[in-house]
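Please find below a colleague's note on this entry, set out as numbered points. The sequence and coordinates come first.

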Amino acid sequence: MHFDSLAELWQMGVHGPWVWSAYGICVALIALNVVWAVHRGRRVRRDIRGLIRRQSLQEKQ
Amino acid sequence: MSSDAVSRAGLPAHFFVVSLSTGLLALVTWFIWSAPPVARTVWLAGGWTAGVLFYYGALRYPHWYWQTLERWYHQLGSPPHFYRIAGLWLPWLVIIATVLCVVGVVWGLAFAPPHHEQGNSYRIIYLHVPASSAALMAYVAMGVAGLVALVWRLKMAEIAIKAIAPFGAVMAAVSLLSGAIWGRPTWGTYWIWDARLTSMLILFFMYLGVIALQNAIRDPRQAGRAAALLSVVGVINVVIVRYSVDWWQSLHQGSSMSMFGTAGSAIHPSMLAPLLLCMFGTYFLFAVTVLVRARTEILWRERKSAWVREEVA
């Protein structure tokens with residue numbers, strides 16, 4: 001590792017706040033994007049299952 | 001030559017795909033990698049051999065190649081096939097993207113040496129450069145899909161645009177945010193109405209425009225065509241973003257990585273290696289999110305068909 005300790009890695013000289021805030025915000029955005037895509041996939045599957053169920057109920061009536 | 005004779009030769013499809021991609025990859029890395037000449041020559045020779053093998057295959061079995069291309073076109077153009085193939089590829093793409101991004105970011109943050117002028121603030125490039133390049137690449141991909149959607153009316157091309165746009169918007173936002181946070185300690189300002197920064201902001205709005213257009217028009221085919229048109233026209237802005245630092249006086253630095261320049265890359269290998277890992281990782285992340293979104297869109301559009309009902313049950 002380039003830094004001698006984890007505390008030094010956190011401080012990054014004087015640039016710690018800039019580097020870590022940039023990574024924090026941007027990694028959260030990228031992760032949210034993935035979670036959002038997966039979540040929408042699940043919701044669409046659930047909606048289609050609902051459609052099928054309603055249709056089969058109507059057919060029975 | 002008949003396809004029967006080719007199948008007797010017993011060459012699997014993967015062989016050609018792998019040899020072509022390794023050949024191209026070897027050439028690209030040879031140009032941008034500033035390792036000692038010996039290492040680069042060995043690397044290139046290996047890639048070149050793979051390329052020659054691919055070329056030999058193309059000459060020897062042209063029909064097989066043509067048939068494979070045609071098969072891919074039909075399979076990727078057919079929503080159920082695409083859905084199935086994407087499902088097979090996704091777990092592997094997730095693994096590759098995660099490994100590349102995690103190794104690249106940890107290497108860049110903790111192990112790469114500091115910059116002699118910027119100190120540690122330069123470590124933001126491991127976020128900024130991959131995101132920017134992915135945002136540009138994604139728009140070009142959307143433009144190509146838009147062209148296919150307009151010319152051949154391929155439904156999968158419209159779905160591809162819908163799947164790519166959110167990823168592109170997020171990457172453009174990441175590029176702008178990380179650049180702003182880096183700019184404050186380095187330039188003394190978060191933002192400046194500079195050619196590169198402004199054209200990148202326009203790219204972000206173009207992505208939002210494509211998304212908004214898709215949501216504003218009720219009929220999916222009509223919405224798809226409108227979005228395809230905006231995707232094709234918007235590619236001109238990608239060219240402006242790319243060359244803005246050469247065409248206008250800009251506070252933003254010029255390109256440091258050069259594929260075809262005689263000097264090669266201006267970045268030291270110890271900093272370039274993690275950057276390349278992050279960039280390839282981001283491209284795999286692109287594949288992951290686009291395939292997930294495309295699969296969702298296929299399911300919704302084909303919700304009345306029998307195969308979807310079997311799939312979700």
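The points below go from the conventions to one chain as a whole, and then to a helix, the contact between chains and two backbone details.

1. This is a predicted model, in which local features need pLDDT of at least 70 and side-chain atom pairs count only at pLDDT 80 or more, whereas totals for chains, interfaces and linings use all residues. Residues are numbered from 1 along each chain as its sequence is written, while chains are lettered from A and ligands numbered from 1 in the order in which they are written.

2. Chain B has 11 helices and zero strands, where helices (H or I, at least four residues) and strands (E, at least two) are DSSP runs numbered from the N terminus. The C-alpha atoms of chain B fill a box of roughly 60 × 55 × 40 Å along the principal axes.

3. The radius of gyration of chain B is 22 Å, which agrees with the value near 20 Å for a compact globule of 313 residues; the radius is taken over C-alpha atoms, and the globule rule is 2.2 Å times the number of residues to the power 0.38. Of the 313 residues of chain B, 35% count as buried, a residue being buried if 20 or more other C-beta atoms lie within 10 Å of its own, exposed if 12 or fewer, and partly exposed in between, with C-beta atoms placed from the backbone.

4. In chain A, the 45 residues of α2(A) should span 66 Å at 1.5 Å a residue, and the end C-alpha atoms of this helix are 65 Å apart, which agrees; the expected span is 1.5 Å times one less than the number of residues. The buried residues of α2(A) include A:W18, A:C26, A:N33 and A:I48, and what covers the buried residues of this helix includes α6, α7, α10 (269–301) and α11 (306–312) of chain B.

5. The contact between the chains takes 28 residues from chain A and 33 residues from chain B, two residues being in contact if their C-beta atoms, placed from the backbone, lie within 7 Å. On the side of chain A that touches chain B, the largest share, 21 residues, comes from α2(A).

6. Two residues other than glycine have a positive phi: A:M12, near 50°, and B:R153, about 55°. A:M12 is found in the loop between α1 (6–11) and α2 (16–60) of chain A and is buried, with 21 other C-beta atoms within 10 Å. B:R153 lies in the loop between α6 (125–152) and α7 (155–187) of chain B and is partly exposed, with 13 other C-beta atoms within 10 Å.
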